[in-house]
Amino acid sequence: QRAGLWCVVCLLCVFPVTPTTNKTIFVKGLGASFPESVYRDWAFAARFVASNVRVTYTRMSSGGGQKAIIAGEVDFAGSDAALTEEMYAQVPDLQMIPLLAGSVVIVYHLEGVDGGLCLSRQILVDIFLGKIVRWNDPALIELNPTVASLLPDAAIHIGVREDNSGTTDVFTRGLSRFSPEWNATYGFGTKITWPTRSCGDCRGVVTSRQGIVELLKSTSNSLSYMVLAEAQEAGLQYTEMVNSAGRRIKANFETVRSAVEDMSESFDHRFVADIQDALYENAWPLAGLTYLIVRKSSMQDCDVAKALVDWVEFVLTNDSTTARAHELGFATLPIRVRDSVLRIVRKDITCKGKPLFHASEHITIRGTGASFPAKIYKAATAFYLFYAPEVQVIYDPTGSGHGEASMISGAADFAGTDSPLSEEQYTAALPRRLQLLPLFAGAVVPVVHLPGVSTPYSVVLSRKALADIYLGNITHWNDPTLTHLNPNLALPSTRIRVLHRSDSSGTSAIFTRALAAFSSRWNATVGHGKSVQWPTPPGCELCAIGVRGGNGMVAALRSTPYSIGYASQADVQDHDLVGCKLFNRAGNAVAPTSDNVWFTAADYSQAFDHRFTTALVDTGTTLGWPMSGYSYMIINLQSDESECRSQKALAELLHWMTENQALSRYGASQGFTSPPQPVRLKIVATLRQMQCNSKPLLPQSHALSVQGAGASFPSVMYHKWQLFYTAIDIDTEMHYSVIGSGDGVRAILDNTVDFAGTDFELTPDDYRAVPDLQAIPTLAAAVVLVYTLPESNDTSPSPTLVLSRQVVADIFLGNITSWDDPRIAVLNPLSSLPPERIVVVRRTDSSGTTAIFTRALSHFSKSFNDTVGNGPQVPWPSIPGAIDSEGSLAGIVRTTMYGI
């Protein structure tokens, strides 16, 4: 399973290892269990992109890793705890490198409680202090009304670790932050003396992470602490927590990232920071950084040292490694912290006095800013790795305001923003010539959390109703205006909880600009911008809730029933939020599809000002989404000699992003739309103004088209590959049409395509016709049996039909004709099979899928081999009621009851 994942993910991985030898290079690491799941996958990824490098990581403990790197037994160590000054005295060139932040969660085993349990910081401390010893303690009951009846009158059996553990260090640092009493009495560390408890034998002491797993699974009413990824891997339940902002939140990479963002200015001179109990609204309180420990100058094997440096460079700058860390619940570093780490890796780590990083091998393009377009920017920059493997593009979604400030100060090569710059900002950036490019347009969407309403766009709002909700004129869900707009919904009488962004946000700029267009009162009293003075609903100060960041909005919407907020369409899709339809100015209730955003963009394609900006709100077109906006990329048109390489790479990337149709299709699938053609032409003309030392960065180009056609079997991957390959040459378009293997072969024989796809072998006649044909295997995949049967009272956990190889052959030979045949029934004892005749559905055209299927049946059955044989077209047996078709069978089977 892990190999399958990384075979896909590493399509986007570029590992810049340039070893000086062809021998296999082993880079050995050992240490903390906290990041082991991520390090293991990152190490696994390395072998796909640097075939002679093997990175290994052995889970032990933070203390064990520290001892091993000091003794010179490993090339790097993993640690969640800081080195002591005594350790630095032993090996003065040790360097701690923060790579990830993760969460420690509270795992539990309570019969009947499979989620929904929450702990406050003080309750957690009191449990481990022994002040709360029973599950039905009043404090737990009050905080958990939905599961209160399930909390037993039983002792809380806690599990603790007595080995040297980085997880324990993170956990006890959190307890010390939560409680002065804990800090004064027990403190924190990789190993501490735990409090005694008054409940007798209700504490288990173990010496490993696996010990915690075994204790929890074998002991009812138990509770302990563990890394999030390890808890998920072990299948253990874990609690939510109330953080320092008073918010009930869940542990995931977004809440951990909030903790890192809050504490990103807290690193000391050893590059160590404590991120527990951060103040951000969405921050997970038990978060901790995990570090690599390396030797900066005393590594003796320079090939190993070089491979280690390049591996660290890879994991810090590749979006695929970031995505994998996020899947496992870890957060990566903010761009400003990551840049500092990269400077250490590139400049300070040497071998035998020689640097290991050579700037000529690498170009890093640094971007930061709006979260609105982050998903499409990250996809585009990942594809760009195929065009220029030496280029690493980093985009950190820190918000429009931060991106603008980074470009004005020169801290970034490009930035994303969802709102225009002010003239003061252009002046402040001089002599840098800042330019905005409207690369993509997207929708901002009203989002609701109404219990019982889960269908997207089932809630309908008018433009005025939305403004009135945020003005406080509409305060309850069953307001007549809302019930009139939603006659098919039983709206509750509950107060509306209104969510808004309290940070400087481009998403807020689009949202408030739209409200200003919808409502003259909003425009006069609130206005629009990245940050505004939000109204407070009358009689309910707590009904207006401010959150920071797009992730904070998502978390708040999920955790706040009866709320309304706003988010980008990409966030709505990614997080399965319930978006609303809006009545536009033309009087139509529309959804925020990419097509409807495009209609709005087309309506305003001639409305750009001299700064290349325009508003996409309150369109009068029939289907236009009224709350749209461009996401702009900020670039510098005039760079100096020190920036030429990165700016040239950036110019080429932006040229590709503007003109590539495949990226446009990908953007549409994520809720974005590319600008209309007149706008795209103006973008390209603007890019050709980019200069370095007064020389243009983009040459003239000529488009090239490569045509392929053939089998449907691999078409999904071929279409993805053509998207990736376009990034190799920004002026080449790859095309693959699905016409079937047989027609694909005929097309290559007739020289009407440049390449063909086929699922079966070429014949001797084919090679005689065109002697230089060459078949190249590209993919292997499965042909499966698909069927349609009516619903049944199936008692199996996963009701799936099971067939043997011989039974499949007999069905397609006509030897088995009914679904309740004993030979099928014996294979499906838990299924109630109908007595109806089996409807056999077959392909009669020349099909590579048929070739694979019949070759398999010929192996399964001698009778099938002798009477039917195998190939792209075969003489199927005469079976009463069989359906023969040219082309894909999926649609026919789906609509044919009892079909297979």
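## A patch, two spaces and some salt bridges

Helix α24, which spans residues 594-603, is where Trp598 sits. This is a predicted model, so keep that in mind for everything below. Trp598 has 34% relative accessibility, so it counts as partly exposed. Together with Phe599 and Leu623, Trp598 makes up a nonpolar patch on the surface. The three residues add up to about 260 Å² of accessible area.

### Enclosed space

Rolling a probe the size of a water molecule over the atoms shows where empty space is left. How many cavities of 30 Å³ or more does the count come to? There are 7 of them, and the largest cavity holds about 50 Å³ of space.

Ten names would clutter a sentence, but here they are anyway: the lining of that largest cavity consists of Ser371, Phe372, Arg501, Thr507, Gly550, Met553, Tyr566, Ala567, Ser568 and Asp571. Two elements, α22 (549-559) and β22 (563-568), each give two or more residues to this lining. The biggest contributor is β22, with 3 residues. Sorted by class, the lining of the largest cavity has 4 nonpolar residues, 4 polar ones and 2 charged ones.

### An open pocket

Now for a space that is open to the outside. The second largest pocket has about 1,100 Å³ of space. Its lining counts 38 residues, and those closest to the pocket centre are Tyr718, Ala756, Gly757, Thr758 and Ile776. Several elements supply two or more lining residues: the helices α28 (715-726), α29 (741-749) and α33 (848-860), plus the strands β32 (732-738) and β33 (755-757). Of these, α28 has the largest share of the lining, 4 residues. The class split for the second largest pocket is 24 nonpolar, 9 polar and 5 charged residues.

### Backbone oddities

Most residues other than glycine have a negative phi, and most peptide bonds are trans. Here are some spots that go the other way.

Which kind of peptide bond joins Leu430 to Pro431, cis or trans? The bond is cis, with omega near 10 degrees. Pro431 belongs to the loop that runs between α17 (423-429) and β18 (434-449).

Asn221 is not a glycine, yet its phi is positive at about 65 degrees. You will find Asn221 in the loop between α9 (209-218) and β8 (222-227). Tyr457 is another residue other than glycine with a positive phi, near 65 degrees. The loop that holds Tyr457 lies between β18 and β19 (459-461).

### Salt bridges

A search over the whole structure turns up 35 salt bridges. Here are three of them, with the N to O distance for each pair.

| Pair | N to O distance |
|---|---|
| Arg324 and Asp41 | 2.6 Å |
| Glu181 and Lys131 | 2.7 Å |
| Asp821 and Arg823 | 3.1 Å |

Start with the salt bridge between Arg324 and Asp41. Arg324 comes from helix α13 (residues 319-327) and Asp41 from helix α2 (residues 36-49), so this pair links distant parts of the chain, 283 residues apart. Are these two residues buried or exposed? Both Arg324 and Asp41 are buried.

Next comes the salt bridge of Glu181 with Lys131. Because Glu181 lies in helix α8 (residues 180-185) and Lys131 in the loop between α5 (121-129) and α6 (138-143), the pair ties together parts 50 residues apart in sequence. Glu181 has a relative accessibility of 38%, so it counts as partly exposed.

In the salt bridge between Asp821 and Arg823, the partners fall into separate burial classes. Asp821 has a relative accessible area of 11%, so it is buried. Arg823, at 39% relative accessibility, counts as partly exposed.

Beyond single pairs, there is also a network of salt bridges that links Glu36, Arg40, Arg59, Arg209, Glu230 and Glu233.

### One last residue

Ser705 is part of strand β31 (residues 704-710). With a relative accessible area of 39%, Ser705 is partly exposed. Ser298 is 407 residues away along the chain, and the C-alpha atoms of Ser705 and Ser298 are separated by 53 Å.

Definitions and conventions:
Residues are numbered from 1 along each chain as its sequence is written. This is a predicted model: local features need pLDDT of at least 70, side-chain atom pairs count only at pLDDT 80 or more; totals for chains, interfaces and linings use all residues. Side-chain values use heavy atoms; hydrogens and water are left out. Patches are made of residues with over 30% relative accessible area and no salt bridge: like charges are joined within 9 Å, nonpolar side chains (Val, Leu, Ile, Met, Phe, Trp, Tyr) within 5 Å. Accessible areas come from the Shrake-Rupley method with a 1.4 Å probe; for residues, only the protein chains shown count as cover. A salt bridge is a side-chain nitrogen of Lys or Arg within 4 Å of a carboxyl oxygen of Asp or Glu. Buried means under 20% relative accessible area, exposed over 50%, partly exposed in between (1.4 Å probe, protein chains only). On a 1 Å grid over the protein atoms alone, a cavity is a set of points where a 1.4 Å probe fits but cannot get out, and a pocket is an open set with protein on both sides within 12 Å along at least five of seven lines; lining residues have an atom within 4 Å of a point. Grid points are joined across faces, edges and corners, and a volume is the space filled by probe spheres set on the points. Ala, Val, Leu, Ile, Met, Phe, Trp, Tyr, Cys and Pro count as nonpolar, Asp, Glu, Lys and Arg as charged, and the others, Gly among them, as polar.
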